[in-house]
Amino acid sequence: MNYLDLSIDALHEALVKKEVTPLELTLEALKRAKEDNNNAIERLDEENAIAFAKTLTEPEVDNPLWGIPYFAKDNFSTKGVETTASSNILNGYVPIYDATVVKKLKDAKMVMIGKTTLDELAMGGTGTTGHLGKTYNPYDEKHLHMVGGSSCGSAASVAAGLVPFALGSDTGDSVRKPASYAGLVGMKPTWGRISRYGLFPFAPSLDHVAYFTRDVSLSAYALNALSGRDENDSTSSTRPVEDYAADLHKDVKGMRVAVLKDIVDSITNKVLLKKFNKSLEELKKKGVEIHEVEFGKELLESLYATYIVISCAEATSNDANLDGIKFGPYEGGNTYQEVMFNARTKGFSELIKRRFVIGSYCLMRENQEELFLRAQRNRAKIVAKINEILDNADFIYAPAAPGVAGLFDGASDKLSDEYLIADNHLCLGNFAGLPSITLPLGFEDGLPLGVNFMGKAFEERKLFNIAKTFEDISGLADLSALNKKEGNL
Amino acid sequence: MKTITMDVLKDAANRLLFTMSEEEYQTLYDEFQILTKQMGNIGKIEGLEDFAPMTFPFDCTTDFLREDEAKEPLPREEVLENAGNVQDNEIKLPKVVL
Amino acid sequence: MNFEAVIGLEIHVEMKTKSKMFSSAPVGFSREPNTQVAPLDMAFPGTMPVVNKQAVINAIRVANALHMEIDHTLYFDRKNYFYSDLPKGFQITQQARPIGKNGYLEVEIDGVKKKIGIERIHMEEDTCKQLHFMDYTLLDYNRAGVPLVEIVSLPEMSNGTEAMKYVETIRNIVLYSGTSDGKMEEGSLRCDTNVSIRPIGQKEFGTKVEVKNINSFKSIEAAIDYEIKRQSQLLLSGEKVRQETRRWDEASGKTVLMRVKTDAVDYKYFCEPNITPIHLSDEFVENAIRTCPELYDSKKERYLKAGLALSDVEIILSNIDMASYFEKAMDKVKNPKDLANFLIVEINAYLNKNVLKITDLSLKPETLAEIVLLQEEGGLSHKQCADILFKVLEEPTLSPKDAQKALNIVAQVSDTGAIMGFVTQVLDANPQSIADFKAGKDRALGFLVGQIMKLSKGKVNPAEASRLLKEELLKR
């Protein structure tokens, strides 16, 4: 056991007492990263990380992020560090500016040690479509199971114990689903709470900066540093930043939790159901009021198509800037159209191209009403339903996924209820822009299972309160493949 | 809605300035069959037309406008350093015919 | 068969702001290429648009001047298309909810006023500038993201003159509201025209032809009138008008085919998700309007009321800097008409001769007003004041009074008694001239006036002297 594996509070105490230094932590994280075999890392930024860690000599007692090494998903703009979003069309692109969150973490004296891989351009949920191919689940030494995506590298790097924190992005469930598969805390706050400036967009109306930690406390501390109005992102909220860790240990008695019955009913995994039901009993013991609600099967079955239409439509437009002219490989051509055509044909994988065609088709004049606008109307209806449930509850609670991480070569039936409903519902939090956190529930055959709480807009403090309570119940704080635990559920 | 044929898909890809392999068009065609069926089902959801198309997840109307103050522009080297074809401090393309 | 033309115009106007529409890069023309650029203007991944307040204020001012309904909530849309000059692969514009709609303006042709309806005005951003060479094109991103408004008229104009007047009126609005330079020649005001013709009495529109590349007011008139003639001849000879885009060729005075239009381009518009709706309070909108600099029409009316001739008003207002100069001096003179005379005649002559602009003039408007007052109150003639003016222009350190002294200019005597003294003296000394005059020799009169001027050292008013001289001659 190394300092890196401690809880954030214990690690911070060790740093403050100078038992360990940021430089030692950074070197250890870099060493682990180099030895890691999960295919998680696009590139290390060793030199800068060490240089910065060396400057951190006077511990900041009130700053729990001080001196902590971390990874950023490779779709965050990092000045001077090549950033490709794991797409060939951005090979060699070295941004000239830092994403706001990267700057904020630097200001908080966190040490970025490198960039993690992802599904190409953050589109995809398998962790298999980026530069590195498959990213493995650190809980499976045989490398048969996925870790999920699109933030696969960030999930794997935290779960493998390389770093206590990693930045990711979440458009449908790209942090919160891998968090479930990797036994991590995956947090996506309210839309607008964290600036997206410098996050390579996938679908801005659904995109969120999100992140992985191994305990709820660090998740709350990190939000304190990441939140806030940014003059470069006019969608960022002007609401004052709160101390999101203020209520971590508050009594949850009387809080109301709505369990989405349709989702639970669609799940066939007995281990998951048993643990989930046990968690309900334990929450009740803490004084939490649990009630079941029906979301409506028809509406839940519509999530996937609605998500695909909206996200692909926005994506095809966002990625129209990728043409090989201003940045990215210049492939030449006899006309400007050929220059763009060559760059885009070579630069995008076939999956990405298919998604762009889908999105573009949905936006065409003669299709827009029946596809794009219909999906946007359905989004409004879905959001109305979520808000109706939250009128009578503080949180919506459900298993984060229908089971453990899938096999790389496992055929998933994309039209089964279990797939359509239980595997896709986390996008509710993106449709409604609500804060949503995934937490480890327990294990099945050594692979993690997770749950998810979703709260009301800008009520992150309360969400961390229930999350911390849940973490105490599960006993699964500070989990990693190097620090395995059984848990209480 | 436009009927989906392989030609429609190829034309759509072409307008997005890329091409795909033949098998991919077939995969795409199959994906479209599923998607349009599901979107058709969504069209049958009762009361859907009562909802206005949603872009923003909740009311986030603001009164903020940026003050019109110019900031230091990027150094020209930074503007151009990622471009693959540069001449005389400008990005160069084959002649654009009007 | 007689035809009538139906003309609609789309005008793009570059807004005069310090920074760009959605980025904080400075707006500056004629700078070194690619030196006025922010990350957003290069469409670097992860950059986001933030709306410029002044651009919104400018759009409100123009919308108000065009009598439009102003939308108090701003939404933006993406117009998606690929082009070499479009860094993001889309342009941010306002498709669904333009900031202004349903307006009009009035043009006056030969004293007859005509109202022309305006469909919409919306805000958007400019593209980067392309420099075309023999076999390549260079891209300068300084212009990328400069704020634009697009003003779309209804198809309600029927000839080139109306269209020209329409554009002139819009130019005057954007110029005098301080929202744009409005220079067609430099591209800060660009005009695309749609021209169709139909037999008089027919309700349906004919086939629309778009004419681009019109770079001056005169060319608008010429291009449209040419196009009307061309289409009429086609129809008269039994041919059809093709739907196409044509280019105005200044040199040949003709429109030339650019491309035949196939299907309308599908821009796949959708709401820009990176700009949340922006509410404009009543106060904000009212303030933007209230603080708008005085518009052309209002100035025109005021100058006419102040006694200026219409032609003089038009000359002064044709140059906003001259109008501004005039404005600074007009309250300091008794009769602004006198000031206008100096500006239009002497000052303009001086500027032309020295190839200067009025903004180059070192002479302060207040100083010019002083010179005008020498005429109005100081008893000097216009000619005398003009001499003083030129002296001051040559030697800017001199005050008008100093210049007057240096030139030995003295006030004219207009007192009848004093002038009579000179008249009597001259007549007494020149009996032969009196005789000549009585014998019908008019030249004698000129000689006598000359003698009076000589005797008085030029101080007397020659007209008055001449009048009194004639009276006295009749008596003798």
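## Helix and strand packing in chain C

In this predicted model, C:Ser433, C:Asp436 and C:Phe437 of helix 13 of chain C touch C:Ala444, C:Leu445, C:Phe447 and C:Leu448 of helix 14 of chain C. Sorted by class, that contact has five nonpolar residues, one polar and one charged. Helix 13 covers residues 431–438 and helix 14 covers residues 443–455; their axes come within 8 Å and cross at roughly 145°. The crossing of these two helices is left-handed.

Now to the strands. Chain C has an open sheet of nine strands, ordered 2-6-7-10-1-11-12-13-14, and the pairing is mixed. Its edges are strand 2 (69–70) and strand 14 (254–260), each of which pairs on one side only. Helix 2 (residues 160–176) of chain C lies against this sheet, touching strands 1, 6, 7, 10 and 11, and its direction makes about 115° with that of strand 6.

Then there's strand 4 (residues 77–80) of chain C, which is covered on both faces: C:Asp77 and C:Lys79 are buried on one side, C:Arg78 and C:Asn80 on the other.

Here are some antiparallel pairings in chain C, with bridge counts:

| Strand | Partner strand | Bridges |
|---|---|---|
| strand 11 (residues 189–199) | strand 12 (residues 209–214) | four bridges |
| strand 4 | strand 5 (residues 90–93) | four bridges |
| strand 4 | strand 15 (residues 270–271) | two bridges |

As for individual bridges, C:Cys191 is partnered with C:Ile214 in strand 12 of chain C. Two residues of strand 4 also turn up: C:Asn80 has C:Phe90 in strand 5 as its bridge partner, while C:Arg78 has C:Phe270 in strand 15.

Methods. Residues numbered from 1 in each chain as written. Chains lettered and ligands numbered in written order. Predicted model: local features only at pLDDT ≥ 70, side-chain atom pairs only at ≥ 80, totals over all residues. Heavy atoms only, no water. Axes fitted to C-alpha atoms, helices over the stretch in contact; angles between N-to-C directions. Left-handed = near helix turned anticlockwise from the far one by under 90°. Contact = heavy atoms within 4.5 Å. Nonpolar A, V, L, I, M, F, W, Y, C, P; charged D, E, K, R; others polar. Pairing = 2+ DSSP bridges. Buried < 20%, exposed > 50% of the residue type's maximum accessible area, 1.4 Å probe, protein only.
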